[in-house]
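Work through these exercises with the model open beside you. Try each task before reading its solution.

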Amino acid sequence: MSYRWFPSLLRRAPLAVVLALSLLAAPGAIAETHDAPWHLAHGFRNLDNGYSYTLSGRAWGLLRRAVTRSPERGAPPGRVANDGATLRANGTHPTITWVGHATLLVQLAGVNVLTDPIWGDHVGPPLFGVHRLVPPGIRFEDLPRIHAVVISHDHYDHLDLPTVQRLARAHNPTFFVPLGLGAWLAERGITNVVELDWWQSQAFRGLTFTATPAQHSSGRGLLDQNERLWASWVISGDGRRFFFGGDTGYTPALAEIGKRLGPFDVAALPIGGYSAFTAKHPNHVNPEEAMQLFDDLRGRLLVPMHWGTFAMNREPFREPPTRLLAEALRRGEEERVALLSQGQSIDW
Ligand SMILES: [Zn+2]
Ligand SMILES: [Zn+2]
């Protein structure tokens, strides 16, 4: 409908113009350093040599989106009530709760962990960004004591500064972050931080936290693109292994995580955010690629996330889970997909 199209153009066009102008200042290829293939002299790169997600390509994509109508998205998914009482009373029983988008509450061996926590109603830089469509599945005040937080990367829909500052004040958790985010958080008053490179591990309260690769990018603005590392995470202990995908595109290179650290009892993988590309999206798996990644990782139970929470992306709300379940059925793996509602908890 046109009343939707016009505000969308107003909202997106300025960012597209800024992105396009920034191309003039975009740096070229940067020399690798010698310590790891994904380290550059300034910033980081992906493992797949064919990866390409240039600012020019993104600027054109935004311009295209600004002048074309979005498909009807339908109603956002509902959520289930979760007052947190069972989670707060829980001792050592492993549970997972989908709070919304990439925010999960993971309980393992008496340790309560949040992934990419966001309780805000809006994500993005001032003047830009998107609003929340589904309230968090559990109220911030109803959370159990949070011992650890893992952050996948610095994009606004994964690293929400007001939420991490609120968590630091209310729970003083240890923040597990990829390289480069320690200094960023320290500048903002958060110093209880463990910063890891891909494949580095840290023991914590009987568990092991390991930063693992993802195919993605980073940046809060135009001038800090790929300066801080992006990661997926493995949390293991008490005979169980959990994988958190964060934000990632598909590359067979990620199978190495399954080889080294799998199989995983639960793999939480993103399934939304792919639709701006007609072909393969370099930064986001589509539902079929998510199933392939799940198999590559040697996952046993797939918990889908990164869909149906914010007014971002373009695919109709029901499309990612519908396509995921169809692909799971085709592979005979439908019983291995735990499609949660926001607020829903499961044992694992
Ligand atoms: Zn991202
Ligand atoms: Zn994201």
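**Exercise 1. Find what covers helix 4, and sort its residues into buried and exposed.**

Start with the surroundings. The cover over the buried residues of helix 4 includes strand 6 and strand 7 (174-178). Contact here means that two C-beta atoms, placed from the backbone, lie within 7 Å. Helices (H or I, at least four residues) and strands (E, at least two) are DSSP runs, numbered from the N terminus.

Fix the ground rules next. This is a predicted model: local features need pLDDT of at least 70, side-chain atom pairs count only at pLDDT 80 or more, and totals for chains, interfaces and linings use all residues. Residues are numbered from 1 along each chain as its sequence is written, and chains are lettered from A and ligands numbered from 1 in the order in which they are written.

Now apply the burial test. A residue is buried if 20 or more other C-beta atoms lie within 10 Å of its own, exposed if 12 or fewer, and partly exposed in between, with C-beta atoms placed from the backbone. In helix 4 (residues 161-171), Thr163, Val164 and Leu167 are the buried residues. They lie on the same side of helix 4, because they cover an arc of only 95° around the axis. That arc is taken from the directions running from the helix axis to the C-beta atoms. Pro162 and Arg169, on the other side of helix 4, are exposed.

Finish at the end of the helix. Asn172, just after helix 4, has a positive phi of about 45°.

**Exercise 2. Place strand 3 in its sheet and name its partners.**

Begin with the sheet. Seven strands make an open sheet in the order 8-7-6-3-2-1-15, with mixed pairing. Its edge strands are strand 8 (193-196) and strand 15 (345-347), each pairing on one side only. On average, neighbouring strands of this sheet are turned by 20° against each other, direction ignored. Two strands pair if DSSP finds at least two bridges between them. Angles run from 0 to 180 degrees between N-to-C directions, and axes are lines fitted to C-alpha atoms, for helices over the stretch in contact.

Take one partner. Strand 2 (residues 103-108) pairs with strand 3 in the antiparallel sense over five bridges. Leu105 is opposite Leu114 of strand 3. The hairpin of strand 2 and strand 3 has two residues between the strands, and Ala109 there takes a positive phi near 55°.

Take the other listed partner. Strand 6 (residues 148-150) runs parallel to strand 3 and is joined to strand 3 by three bridges. Leu114 faces Val149 in strand 6, and Thr115 faces Val150.

Now check burial. Five of the five residues of strand 3 (residues 111-115) are buried. Val111, Val113 and Thr115 point one way, while Asn112 and Leu114 point the other way.

**Exercise 3. Trace the other sheet and locate the helix that packs on it.**

Read the order first. Six strands form an open sheet, 9-10-11-12-13-14, with mixed pairing. Strand 9 (201-204) and strand 14 are at the edges, each with a single partner strand, so one side of each has no neighbour in the sheet. Neighbouring strands are turned by 15° against each other on average, direction ignored.

Pick one pair. Strand 11 (residues 232-237) and strand 12 (residues 240-244) run antiparallel, joined by five bridges. Trp233 has Phe244 in strand 12 as its bridge partner.

Add the helix. Helix 7 packs on the sheet and touches strand 13 and strand 14; its direction makes about 150° with that of strand 13. Seven of the ten residues of helix 7 (residues 287-296) are buried, among them Met291 and Phe294. Their cover includes helix 6 (255-261) and helix 8 (319-330). Arg298, just after helix 7, takes a positive phi of about 65°.

**Exercise 4. Is Ala328 buried or exposed, and which residues does Ala328 contact?**

Locate Ala328 in helix 8. Count next: Ala328 is buried because 21 C-beta neighbours lie inside 10 Å. Leaving aside neighbours within four places in sequence, Ala328 contacts Met291, Glu333, Glu334, Arg336 and Val337. Ala328 and Glu288 are 40 residues apart in sequence, yet 8.3 Å apart in space, C-alpha to C-alpha.
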